[in-house]
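Student: Could we go through this one by asking why each label was given? I'd like to see the value next to the cut-off every time.

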Amino acid sequence: MISLPDSVMSIMLTPCVTGSHDSFSYWVDEKSPVGPDQAMAIKRLAKISLVKKLMKKWSVTQNLTFKEQLEGGIRYFDLRVSSKPGEVGQEIYFIHGLFGIKVWDGLMEINTFLTEHPKEAIFLDFNHFYAMEDQHHIYLINRIREAFGSKLCTMEYVENVTLRYLWEKSQQVLIFYHYPLYQEYPFLWPGNKIPAPWANTTNVHKLLQFLETTLGERAQHGTFHVSQAILTPRVKTIARHLIRGLKNTLVHRNLPMILNWVKTQKPGIMGVNIITSDFVELVDFATTVIALNDLLLEGHQAVTKS
């Protein structure tokens, strides 16, 4: 973000931001129990060791660690978390079918990057919670506060949040928390401030049409907006391509077409804001999204001159 032109710094923090889908899933534990986000039938099947190996092929949506994603330009992180049923204590883990690393470890990795890059700002979107009661949420929220401290951006009108605003306050982290307890903490933003409509399709043409439609319907003020440029496997997709996995079945062959769609977009009100993808390193995804900000700058200069 520090490399953006100076005239963009005072524009609302809705330039094009690169995001990753299920950002934490670069590592999942085949030895752990199947997560509470899975149906009972899957849990029964997972008693067979081979099933978990196959699950991993469909649970992993990223290859890069948080640090590597940050170094590659990712600034929005899509997060699903869970307690581990039967475990003593209130530890919270990332989860996508199988359990990932402890949330605390991920937060510390991210915080290290932010400390080293004080002009960078990120979005952490905690949007799915499993096997969590209020005490688990309180534990997690306190860990978030402990990890980032004064870097946390307090709830504000979206239109007021510019890069310059964040720099002046030495704030770097916007936390979106899709659970009612957000109301009790000034550094938690409600989930409705960052809608992320989901196409839920395996068809790339339907996905692109959905992205266009939802961009046309997005609120002009008061929220950020996530375009989930991802394809979602159905049960029959997984059954037909069990061994191939998500990357080889859906992502490799469709990501170039998705990237071509990204190249045609414009940032700003009613345009793209945050765009997420699976396996963000497979194409020039981050570079392409970030380059769209040049259009935002051109538009800003045109308005200024007029």
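Tutor: Sure, what follows is a run of short questions on a predicted model.

Student: Let's start with the cysteines. How do you know how many disulfides there are?

Tutor: Searching the whole structure turns up zero disulfides. A disulfide needs two cysteine sulfur atoms within 2.5 Å. For C16, the closest cysteine sulfur is that of C153, 20 Å away, so the two are too far for a bond. Seen from C153, the closest cysteine sulfur is in C16, again at 20 Å and too far for a bond.

Student: What makes C16 and C153 buried or exposed?

Tutor: Buried means under 20% relative accessible area. C16 has 5%, so it is buried. C153 comes out at 0%, so it counts as buried.

Student: Now the aromatics. How many pairs are there, and why is the F126 and Y177 pair called what it is?

Tutor: The whole structure holds 14 aromatic pairs. In the F126 and Y177 pair, the ring centres are 6.0 Å apart, and a pair needs centres within 6.5 Å. The planes sit at 40 degrees, and since stacked means under 30 and edge-to-face over 60, this pair is tilted. It links distant parts of the chain, with F126 in strand 5 and Y177 in strand 6, 51 residues apart. Both F126 and Y177 are buried.

Student: And what kind of pair do F176 and F224 make?

Tutor: Their centres are 5.9 Å apart and their planes are at 85 degrees, so with the edge-to-face cut-off at over 60 the pair is edge-to-face. This pair also links distant parts of the chain: F176 is in strand 6, while F224 is in the loop between helix 7 and strand 8, 48 residues away. F176 is at 0% relative accessibility and counts as buried, and F224 is buried with 0% as well.

Student: Which residues do ring pairs link into a cluster?

Tutor: F24, Y26, F66, F77 and F94.

Student: What makes N200 and M270 worth a look in terms of phi?

Tutor: Most residues other than glycine have a negative phi. N200 has a phi near 50 degrees, a positive value in a non-glycine residue. M270 isn't a glycine either, and its phi is positive at about 70 degrees. N200 sits in the loop between strand 7 and helix 7, and M270 in the loop between helix 9 and strand 9.

Student: Why are N200 and M270 called partly exposed?

Tutor: The label covers the range between the buried cut-off of 20% and the exposed cut-off of 50%. N200 is at 29%, so it counts as partly exposed. M270 is at 30%, so it gets that label too.

Student: How do you know whether S277 is buried or exposed?

Tutor: S277 has 1% relative accessibility, and under 20% means buried. It lies in strand 9 and touches G19, S20, H21, Q62, A229, I230, L255 and F285, leaving out residues up to four places away in sequence.

Student: What about D22, in the loop between strand 1 and helix 1?

Tutor: D22 has a relative accessible area of 0%, so it is buried. With the same sequence neighbours left out, D22 touches T61, Q62, D78, R80 and H96.

Student: Last one: which residues form the nonpolar surface patch, and what lets I42 in?

Tutor: I42, L45, I48 and L50 form it, with about 350 Å² of accessible area together. Patch residues need over 30% relative accessible area, and I42 has 31%, so it passes that cut-off. I42 is in helix 1.

Key
Residues numbered from 1 in each chain as written. Predicted model: local features only at pLDDT ≥ 70, side-chain atom pairs only at ≥ 80, totals over all residues. Heavy atoms only, no water. Patch = residues over 30% accessible without salt bridge, like charges linked within 9 Å, V, L, I, M, F, W, Y side chains within 5 Å. Areas by Shrake-Rupley, 256 points an atom, 1.4 Å probe, with all protein chains shown as cover. Salt bridge = Lys/Arg side-chain N within 4 Å of Asp/Glu carboxyl O. Helix = DSSP H or I, 4+ residues; strand = E, 2+ residues; numbered from the N terminus. Buried < 20%, exposed > 50% of the residue type's maximum accessible area, 1.4 Å probe, protein only. Contact = heavy atoms within 4.5 Å.
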